[in-house]
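Hello,

Here is the structure I promised to pass on to you. Have a look at it first, and my notes follow below.

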Amino acid sequence: RSADARAVAAWLGDELRQAGYAPTTLAIPEVDDQVDVVAVYGPRDDLAPTIVVTAHYDHLGEVDGTLYPGADDNASGVAVALGVARDLAARRDVAGRVVFVFTGAEELGLYGARAYAEAPAYPLGQTRVVINLDMVGRRFFEGTADQDATLGAVGLPGDATLLELGEAAAAAAGVALVAVSAELLTLVGEDWRSDDWVFRDRGVPAVHLSTGLNPDYHQPTDTPDRVSRAQLERVARFLRGWVSRLAAR
Ligand SMILES: [Zn+2]
């Protein structure tokens, strides 16, 4: 429901302001009752290299009287992005710029990401990487591989420096990375599944971090009790370490 989406966007804005940011909202032309919430860490000059972190905050809402909570999809990604944003602002020990984009209308067709790509806070051409967090709080592919402390990283093999620094950050955080090429997903018809494709399609390096599908995907049973706090903390430590390493290059 649009009232719920507006309430979440307002909550995100409040949390970011409390962390010391000056968040802005960006309209989504195709979906007039949802917005993106954008917060910038670091220098404001146009030439600084930019890391963009995205996490969609929308989900399915209420369908025929049944609530779809979307705890893993994608409160998990929002929690990790917000946690890292708070930590960066508190410690201010990273020299580069990190733009946090909490996207709306992902489930309707990646519209929040498209809106940001059309009107980015800083030129997409200066974006080092877009790191998209979408479903990061469960065991890795619970219905099949079912591995703990593991994270998929779609698009990571496409860039040697991203891969090297990502693997170092993952090892330090106790996360096993499963790096999958974006081309592989295209071949099996699984592209355009999340916001990162909007940026990859425009030639911007983009990585989708995810623990993958689980039996509660897009079900009313995607509830907070099934999301692992330990996994969220690991992913946040990994992202924090990766961003620090990238900004230092
Ligand atoms: Zn999602």
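**The zinc site**

Along the chain, the donors of the zinc ion follow the spacing H-x16-D-x60-D. Please keep in mind as you read that this is a predicted model. The protein donors are His56 through NE2, Asp73 through OD, and Asp134, which is listed twice through OD. They lie 1.9 to 2.7 Å from the zinc ion. What is the geometry of the site of the zinc ion? It is irregular, with angles of 51 to 147° among the four donor atoms.

Asp73 sits in helix H2 (residues 71-91), while Asp134 belongs to the loop between strand E7 (127-133) and strand E8 (150-154), so this pair ties together parts that are 61 residues apart in sequence. Are Asp73 and Asp134 buried or exposed? Both Asp73 and Asp134 are buried.

There is one more thing to check at Asp73. The peptide bond that leads from Asp73 to Asn74 is cis, with omega near 10°. Asn74 is itself a residue of helix H2, so you will find it in the helix that also holds the donor Asp73.

**Helix H2 and its neighbours**

Helix H2 packs against H1 as well as H7, and I will take H1 to begin with. The axes of H1 and H2 come within 10 Å and cross at roughly 25°. That makes H1 roughly parallel to H2, because an angle under 35 degrees counts as such. H1 passes H2 in a right-handed crossing. On the H1 side the contact is made by Trp11, Leu12, Glu15 and Leu16, and on the H2 side by Val78, Leu82, Ala85 and Arg86.

Against H7, helix H2 packs at an angle of about 50°, with the two axes 9 Å apart. That makes H2 oblique to H7. This crossing, too, is right-handed. Ser76, Val80, Val84, Asp87, Leu88 and Arg91 of H2 make the contact with Leu232, Val235, Ala236, Leu239 and Arg240 of H7.

Leu88 deserves a look of its own. Its place is in helix H2, and at 0% relative accessibility it counts as buried. Which residues does Leu88 touch, not counting those up to four places away in sequence? They are Tyr21, Tyr41, Val94, Val98, Phe100 and Arg240. Arg240 also appears in the H7 part of the contact with H2. If you want a distance to check, the C-alpha atoms of Leu88 and Pro120 are separated by 21 Å, with their positions 32 residues apart along the chain.

In helix H1 (residues 2-18) you will also find Val8. At 33% relative accessibility, Val8 counts as partly exposed. Its C-alpha atom and that of Asp195 are 18 Å apart, and the two residues are 187 residues apart along the chain.

**H4 against H7**

H7 has a further partner in H4. The axes of helix H4 (residues 160-173) and helix H7 (residues 229-248) come within 8 Å and cross at roughly 140°. H4 and H7 are therefore oblique to each other, and their crossing is right-handed. From H4, the residues involved are Leu162, Leu165, Gly166, Ala168, Ala169, Ala170, Ala172 and Ala173. They meet Arg234, Arg237, Phe238, Gly241, Trp242, Arg245 and Leu246 in H7.

**What covers H3**

Which residues of helix H3 (residues 111-118) are buried? They are Gly112, Ala113, Ala115, Tyr116 and Ala117. The elements that cover them include strand E1 (24-27), strand E2 (35-41), strand E6 (97-103) and helix H6 (196-200).

**Two backbone angles to look at**

Two residues other than glycine have a positive phi, and you may like to inspect them. Asp64 has phi near 50°. Asp64 is found in the loop between strand E4 (61-63) and strand E5 (66-68), and it is exposed, with a relative accessible area of 79%.

For His218, phi is about 55°. His218 lies in the loop between strand E10 (206-210) and H7. With a relative accessible area of 22%, His218 is partly exposed.

Happy browsing, and best wishes!

Methods
Residues are numbered from 1 along each chain as its sequence is written. This is a predicted model: local features need pLDDT of at least 70, side-chain atom pairs count only at pLDDT 80 or more; totals for chains, interfaces and linings use all residues. Side-chain values use heavy atoms; hydrogens and water are left out. Buried means under 20% relative accessible area, exposed over 50%, partly exposed in between (1.4 Å probe, protein chains only). Helices (H or I, at least four residues) and strands (E, at least two) are DSSP runs, numbered from the N terminus. Contact means heavy atoms within 4.5 Å. Donors are N, O and S atoms within 2.8 Å of the metal (3.2 Å for Na, K and Ca); water is not among the atoms, so sites may look incomplete. Four donors count as tetrahedral if all angles lie between 85 and 135 degrees; four count as square planar and six as octahedral if opposite donors are over 155 degrees apart and all others between 65 and 115; anything else is irregular. Axes are lines fitted to C-alpha atoms, for helices over the stretch in contact, and angles run from 0 to 180 degrees between N-to-C directions. Angles under 35 degrees count as roughly parallel, over 145 as roughly antiparallel, 65 to 115 as roughly perpendicular and the rest as oblique. A crossing is left-handed if the near helix is turned anticlockwise from the far one by less than a right angle, and right-handed if clockwise.
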